[in-house]
Amino acid sequence: MIGWQPLRTVAGLTALRDAYGQNMSGLVPETGVYLADDGWWIALTGAPDPSYSLALVHGGDVRKNTVAVVERVLAERLRTVVMLAGAGLDAATVLADTGWVCVGSSSLRALPNSPSEPDAAVRILEDGDLRSARQLAEDVFGIDRESATLVYPEAPPRPTK
């Protein structure tokens with residue numbers, strides 16, 4: 001495939017929503033929680049900023065899935081953003097019945113998977129750059145230190161064999 005082709009099918013959107021959860025799983029430390037099943041995922045990092053603890057219900061038995069997600073989030077006692085998308089929107093009353101309120105809506109955004117070659121202007125961060133990148137995230141986006149450390153740790157994780 002050359003260039004970005006929008007995924008406008010239900011299967012394509014489902015794949016993007018699942019990929020969102022898979023990408024979030026990379027931020028979840030060993031002390032956090034990452035769970036995923038058909039039509040939902042939970043990625044709880046434990047960071048003070050709830051933008052780094054997310055849950056999404058988008059398919060399957062959405063009412064049952066939403067109840068299970070809310071119960072797990074409440075059991076973990078972590079500030080979390082719970083999102084509903086696609087078929088999951090049919091479970092909005094589940095959240096309302098438990099006292100949750102809608103704080104906003106946002107469209108799903110995805111970066112195109114092109115160009116196929118790395119951009120020569122992009123430089124991979126070295127270990128020594130991580131502290132500066134973390135400080136930049138804190139200053140520009142108002143992210144607290146602990147949350148920024150999830151994205152820009154002291155040293156990048158090393159691949160396991």
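This report walks through the pockets and a surface patch of a predicted model.

**The largest pocket**

Let's start with the largest pocket, which holds about 1300 Å³ of space. Its lining takes in 33 residues, and those nearest the centre are Tyr20, Val81, Met83, Leu84 and Ser106. Four elements give two or more residues to this lining: helix 1 (10-25), strand 3 (53-57), strand 4 (81-84) and helix 3 (92-97). Helix 1 gives the most, chipping in 6 residues. As for chemistry, the lining of the largest pocket splits into 23 nonpolar, 8 polar and 2 charged residues.

**The second largest pocket**

Next up is the second largest pocket, with about 230 Å³ of space. Of the 10 residues that line the second largest pocket, Gly26, Leu27, Thr149, Leu150 and Pro153 sit closest to its centre. Here the lining breaks down into 7 nonpolar, 2 polar and 1 charged.

Here are the two pockets side by side:

| Pocket | Volume | Lining residues | Lining make-up |
|---|---|---|---|
| Largest pocket | about 1300 Å³ | 33 residues | 23 nonpolar, 8 polar, 2 charged |
| Second largest pocket | about 230 Å³ | 10 residues | 7 nonpolar, 2 polar, 1 charged |

**A nonpolar patch outside**

Over on the surface, Leu136, Val140 and Phe141 make up a nonpolar patch, and together they have about 360 Å² of accessible area. Leu136 belongs to helix 4, which covers residues 130-141. Is Leu136 buried or exposed? Leu136 counts as exposed because its relative accessibility is 53%, and the cut-off for exposed is over 50%.

Methods. Residues numbered from 1 in each chain as written. Predicted model: local features only at pLDDT ≥ 70, side-chain atom pairs only at ≥ 80, totals over all residues. Heavy atoms only, no water. Patch = residues over 30% accessible without salt bridge, like charges linked within 9 Å, V, L, I, M, F, W, Y side chains within 5 Å. Areas by Shrake-Rupley, 256 points an atom, 1.4 Å probe, with all protein chains shown as cover. Salt bridge = Lys/Arg side-chain N within 4 Å of Asp/Glu carboxyl O. Buried < 20%, exposed > 50% of the residue type's maximum accessible area, 1.4 Å probe, protein only. 1 Å grid on protein atoms, 1.4 Å probe; cavity = no way out; pocket = protein on both sides within 12 Å on 5 of 7 lines; lining within 4 Å. Points joined across faces, edges and corners; volume = space filled by probe spheres on them. Nonpolar A, V, L, I, M, F, W, Y, C, P; charged D, E, K, R; others polar.
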